[in-house]
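Here's a quick tour of some surface and aromatic features. Have the model open while you read.

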Amino acid sequence: MSTAAVTLPHRSAVRSLGWGIPALVILVALPWVAGEYQTILLAYGLVMGIAALGFNLLLGYTGLLSFGHSAYFGVGAYTVALMVKYLGATSMELFLAGAIVACVLVTALFGFGCVRYTRIFFGILTMALSQVLWSLAFKFFWVTGGTDGLRVPTPTLLGVVAGKGEKIAFLASAYYYYVLAIFVACVAVMWVIVNSPFGRALQAIRDNEVRPAFVGI
């Protein structure tokens, strides 16, 4: 193995820490200097950032444009709402586990139909399948609530009853740090994926999909 092959990943890790640690310090300190409204907006932004990480893995590292990622976001949301409605669940950890399982099942179903297609064909298929889920959510209004949706109460975090007092203060403090912790964990997992042999294979497909096919990827 050459010296460059050893030092380049190390340099990449050092560079990532160089901008990641100051950004994390700013995010941790933000609730102490910003208003509650701005903090809540940032918490919602971090939620969208988690969704963007998955989209970036597919488009940025694999070169596949998907119009169906909103479907997974919706499946997770409706899974949580149905868990509240039919199971009476109130734990955020249960919500996350249920949403992940449901999204994995839907992703496996979508992947079965889309995995062998690329370029515009992949994009059109993902858009069509996401529209199917939207139609189901809209038509089965007695289950999904239709355009009115389903109400989800403030959950408990780590088994602790939270949000019983001032909801705005809860969202701007405990909930914000909870989302931030999950966001940091997702960023770390994504970094490991893109720097693994699997991640390198995805980047090879993005750069030249014919050549990886010839070597068996």
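## A greasy spot on the outside

Which residues form a nonpolar patch on the surface? They are Leu59, Leu65, Phe67, Ile120, Phe121, Ile124 and Met127, together offering about 640 Å² of accessible area. This is a predicted model, so local features need pLDDT of at least 70 and side-chain atom pairs count only at pLDDT 80 or more, while totals for chains, interfaces and linings use all residues. Residues are numbered from 1 along each chain as its sequence is written, and side-chain values use heavy atoms, leaving out hydrogens and water.

Helix 5 (residues 119-139) gives the most to the patch, with four residues. Phe67 sits in the loop between helix 2 (36-59) and helix 3 (69-87). Helices here are DSSP runs (H or I, at least four residues), numbered from the N terminus. Patch members need over 30% relative accessible area and no salt bridge (Lys or Arg side-chain nitrogen within 4 Å of an Asp or Glu carboxyl oxygen), and nonpolar side chains are joined within 5 Å. Areas come from the Shrake-Rupley method with a 1.4 Å probe.

## Rings that pair up

Rings of Phe, Tyr and Trp (its six-membered ring) pair if their centres lie within 6.5 Å; planes under 30 degrees apart are stacked, over 60 edge-to-face, the rest tilted. The count comes to three aromatic pairs. One of them, Trp134 with Phe138, is stacked, at 5.4 Å centre to centre and 5° between the planes. Both lie in helix 5, four residues apart, about one turn of the helix.

Tyr176 and Tyr177 pair edge-to-face, at 5.3 Å and 75°. Tyr176 counts as buried (under 20% relative accessible area; exposed is over 50%, partly exposed in between) because its value is 0%. Tyr177, at 29%, is partly exposed.

Methods: Patches are made of residues with over 30% relative accessible area and no salt bridge: like charges are joined within 9 Å, nonpolar side chains (Val, Leu, Ile, Met, Phe, Trp, Tyr) within 5 Å. Helices (H or I, at least four residues) and strands (E, at least two) are DSSP runs, numbered from the N terminus. Buried means under 20% relative accessible area, exposed over 50%, partly exposed in between (1.4 Å probe, protein chains only).
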